[in-house]
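Work through the exercises below with the sequence and the structure side by side, and try each task before reading its solution.

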Amino acid sequence: MQTNMRGMDMITTQEWTKDQIDTIMEVAMDLKKKRALGIPHAYLRDKVLAMMFFFSSTRTRGSFEAGMAQLGGHPAFIDSRTTQIKHGDTTKEIGDIFGRYFDGIAIREVTWGQGNKYIRGVAEASRAPVLNMQCDIYHPHQILADLMTIIEKKGDPRGKTITVSWAYASSYLKPISVPQSLILLATRFGMNVRLVRPPEFKLMPDIVQQARDNARKHHGSFEIMEDFEAGMAGSDVIYAKSWGPLLVTADPEEGKAITDKYKDWITDERRIAMAAEDAIYMHPLPADRDIEVTSAVLDGPHSVVFDQAENRLHAQKAVMALTMS
Amino acid sequence: MQTNMRGMDMITTQEWTKDQIDTIMEVAMDLKKKRALGIPHAYLRDKVLAMMFFFSSTRTRGSFEAGMAQLGGHPAFIDSRTTQIKHGDTTKEIGDIFGRYFDGIAIREVTWGQGNKYIRGVAEASRAPVLNMQCDIYHPHQILADLMTIIEKKGDPRGKTITVSWAYASSYLKPISVPQSLILLATRFGMNVRLVRPPEFKLMPDIVQQARDNARKHHGSFEIMEDFEAGMAGSDVIYAKSWGPLLVTADPEEGKAITDKYKDWITDERRIAMAAEDAIYMHPLPADRDIEVTSAVLDGPHSVVFDQAENRLHAQKAVMALTMS
Amino acid sequence: MQTNMRGMDMITTQEWTKDQIDTIMEVAMDLKKKRALGIPHAYLRDKVLAMMFFFSSTRTRGSFEAGMAQLGGHPAFIDSRTTQIKHGDTTKEIGDIFGRYFDGIAIREVTWGQGNKYIRGVAEASRAPVLNMQCDIYHPHQILADLMTIIEKKGDPRGKTITVSWAYASSYLKPISVPQSLILLATRFGMNVRLVRPPEFKLMPDIVQQARDNARKHHGSFEIMEDFEAGMAGSDVIYAKSWGPLLVTADPEEGKAITDKYKDWITDERRIAMAAEDAIYMHPLPADRDIEVTSAVLDGPHSVVFDQAENRLHAQKAVMALTMS
């Protein structure tokens, strides 16, 4: 167990040691049990978290807000549209000043090419820890909840196979932060990671390289596949979700045209049957129902999406309690 | 006193026993006294209430938010415009996931034909209690505050006459949830209920039938009248507010044309003088001043609208404390 | 030390005695130390502050929200766009009802000719204290933070010279509440106050008269100058910010044309060098960088703008603790 996380930023899990992440898991499980039993755990009494949203959210907002309050603190929901943020305020000003007012600053800014820069800028100027609630590159808290769910359902992740797959969606070009953070963390926990996606849906090369390095160091494996069904075969964890072809184009129309070439990348019962018999189906939600995944799978026996969503709460409470106390 | 309300949904008072509602009244009075004296009453310490608003509000938001905080908990104000709710999330997903994050879910969704369905859908999926902050059919917390006010001002409601009247307003087609919830609850407390409205402003037939049944069971009476002034005559409680002719049309223009036929339905001093000498004038606010009711009445000696508005706070705190603890 | 501030409104510092303001300073310093040391100071446990914003804000919202939460209470952020305030609710209704729900009401309404009237209207009807988070005439909490900063940096303000100067900005016609509140309070603390501005940028005559009277009573001085550089000469505190020519015109275009005559009124290194060697540069932020003030000055050795911004938190916590407990 590590005890040196006070004041740390959670921008990407790559900046945290494996031991520190193990501690987060341990604390998250303990907080989950405490909530189930009604045992008080107000480790952040009267502390305040600024939650800055530059993009709307349901689960992220709900889980951070509820979690902070359950820890005895106050979450301040700051919507970019109802303040004058970005109206004359530099990241240095926001970071320096909010770092004095608040005990933590959580930020969601997914704009391609800008989100992570903004968060880094605020973090550099802030004396309080900065938590990444999703940027264009990373979504660390989602993936911590995912890891927790995998451990709960599958035990030790080492040697287990996880399929991190692209899937079709028609709604809009979704960020690539989930698959990127996922291949980074799963490889550090010794999993056999299959990144499955059509050729136009590459992830950032340096992220892929880090995933490869992680796999080598942690006795896991990492491979890239372009065949949706082959990617499913025999896998223990099917994590299939859509993202935009952002490394090719960030233009919505162009991206849509590319995306529409792969309408048949939908997770259905036939395909989930190709995975291991006790495979779990994961998705961070919201899913494009019957487009990204069939209702039969989403609501079916392999799906753990609600438990996965719940774990956002517990994992984030662990990070907040460890960094902000 | 009943002690079995933990986990119950408050969607309509009809689903609560008379004894349970008596308990809410008792707890509400106690909480009111405690607040007046500054006696701590943090019965929901570190619990979290999601307050989901699909329609703006002043009193409802203020009273739920303040009440939850005074009970030691945290109210999370979730405006439908600043989250991606309804952007891929089904009621099952909201209910299941928010039911895990939060200790209670309060919802205001007044869209005709949709509001109640939405709330029922969330409640079905949620493990946490769901509180109706007004839907298209019911407004239970308003009416609990109204009942509390009637008891405070008039003592035992049995045998007292209440006039639940339509009134003219020019602003927009208001929901019918207030008069509907009012005739449902007043009849259960043995009041003589007069529902007074022009022919186009009928309430839902099954609600009216339930009110009739309630009256019979609880030794009250229920009658429908179409003459504004006759409705006032000798009454103890004048509760006159506008609503839309929603059973005839939900079209704003058509509705306005029908409404404009009854510009004369304004509560003024001449008319209030037809009621009992010590009659009270009630309105849930905001009123269309000098259109729905004259300022002389709204600000006059019969009016109890501010005490009535205050009781929103105490009644809702009672419901929250009893269901969420 | 004064002990009679419970229930008082903070609309302008003029309505508070010098002794009371000394007490605010003392409490603010104590709360600052307590926060630095992590000493609990939950003087408003389970109290609730309504924060009504009719105009967006970063520092004001952040500092009030964080401060209230650190005191153990709950700040309710009420954005005028997400409630039906001003949609049928009079100031009397808001004041009377919110004064019953909440333990304090903070309001930001800067509309020229309306803001202060609105706040006064609410305060008149409210049983809970009303705090002015900036109106068209006053910005008392900013200036309390400014005074605290001056005392921290310069010691006893008596006999020190402060330059309250207009500066050029291109963004929009800013309120005159900061310079007005500043000349009112600085004169009461015996400072030599120089109000420096082009002829079109006069402040309200009765505010200027009050400042003159304050100076006479408190052995300070007050003079009006129209030469930017002469205003700086030898001064201890340079407080130079833009405001609109609101006493001449509230029309944005006309105002802009007048403003553009004085593009040269920018605080730069050459000019700051005219002030006292150890002069401090103050600005309430956000500044129009390199328009109102050069980056070299804003980020330079004379600038105390971040410490000044931080003191918003501590000064406001003092006011809240003293009025709302």
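The exercises that follow deal with the sheets of chain B and then with its two interfaces.

This is a predicted model, in which local features need pLDDT of at least 70 and side-chain atom pairs count only at pLDDT 80 or more, while totals for chains, interfaces and linings use all residues. Residues are numbered from 1 along each chain as its sequence is written, chains are lettered from A and ligands numbered from 1 in the order in which they are written, and side-chain values use heavy atoms, with hydrogens and water left out.

**Exercise 1.** Describe the four-stranded sheet of chain B and the helix that packs on it.

Solution. Begin with the strand order, taking helices (H or I, at least four residues) and strands (E, at least two) as DSSP runs numbered from the N terminus, and counting two strands as paired if DSSP finds at least two bridges between them. The order in this open sheet of chain B is β2-β1-β3-β4, with parallel pairing. Next look at the edges: β2 (74-79) and β4 (130-135) of chain B each have a single partner strand, so one side of each is left without a neighbour in the sheet. Then take one pair in detail: β1 (residues 48-53) and β3 (residues 104-109) of chain B are joined in the parallel sense by five bridges, and B:M52 has B:I107 as its bridge partner in β3(B). Finally add helix α2 (residues 59-70) of chain B, which touches β1, β2, β3 and β4 of chain B and whose direction makes about 175° with that of β1(B). Here contact means heavy atoms within 4.5 Å, and angles run from 0 to 180 degrees between the N-to-C directions of axes fitted to C-alpha atoms, for helices over the stretch in contact.

**Exercise 2.** Do the same for the five-stranded sheet of chain B.

Solution. The order of this open sheet in chain B is β7-β6-β5-β8-β9, and the pairing is parallel. At its edges stand β7 (221-225) and β9 (280-282) of chain B, each with a single partner strand, so one side of each has no neighbour in the sheet. Neighbouring strands are turned by 15° against each other on average, direction ignored. Between β8 (residues 237-241) of chain B and β9(B) there are three bridges, and B:I238 is paired with B:Y281 in β9(B). Helix α5 (residues 140-154) of chain B packs on the sheet, touching β5 (161-166), β8 and β9 of chain B, whereas helix α6 (residues 177-188) of chain B lies across β5, β6 (192-196), β7 and β8 of chain B, at about 165° to β5(B).

**Exercise 3.** What does chain B contribute to its contact with chain C?

Solution. Count residues before area: chain B gives 32 residues and chain C gives 28 residues. The buried area, that is the accessible area (1.4 Å probe) lost on being put together and summed over both parts, is about 2500 Å². In chain B, B:T58, B:R61 and B:F306 lose the most area to chain C. One salt bridge, defined as a side-chain nitrogen of Lys or Arg within 4 Å of a carboxyl oxygen of Asp or Glu, joins C:E93 and B:R289 (3.3 Å, N to O).

**Exercise 4.** How many salt bridges cross the interface of chain B and chain A?

Solution. The rule finds five salt bridges there, including that of B:D46 with A:R45, whose closest N and O atoms are 2.9 Å apart. On the side of chain B that touches chain A, α3(B) (91-101) gives the most, with eight residues.

Definitions and conventions:
Buried area is the accessible area (1.4 Å probe) that two parts lose on being put together, summed over both.
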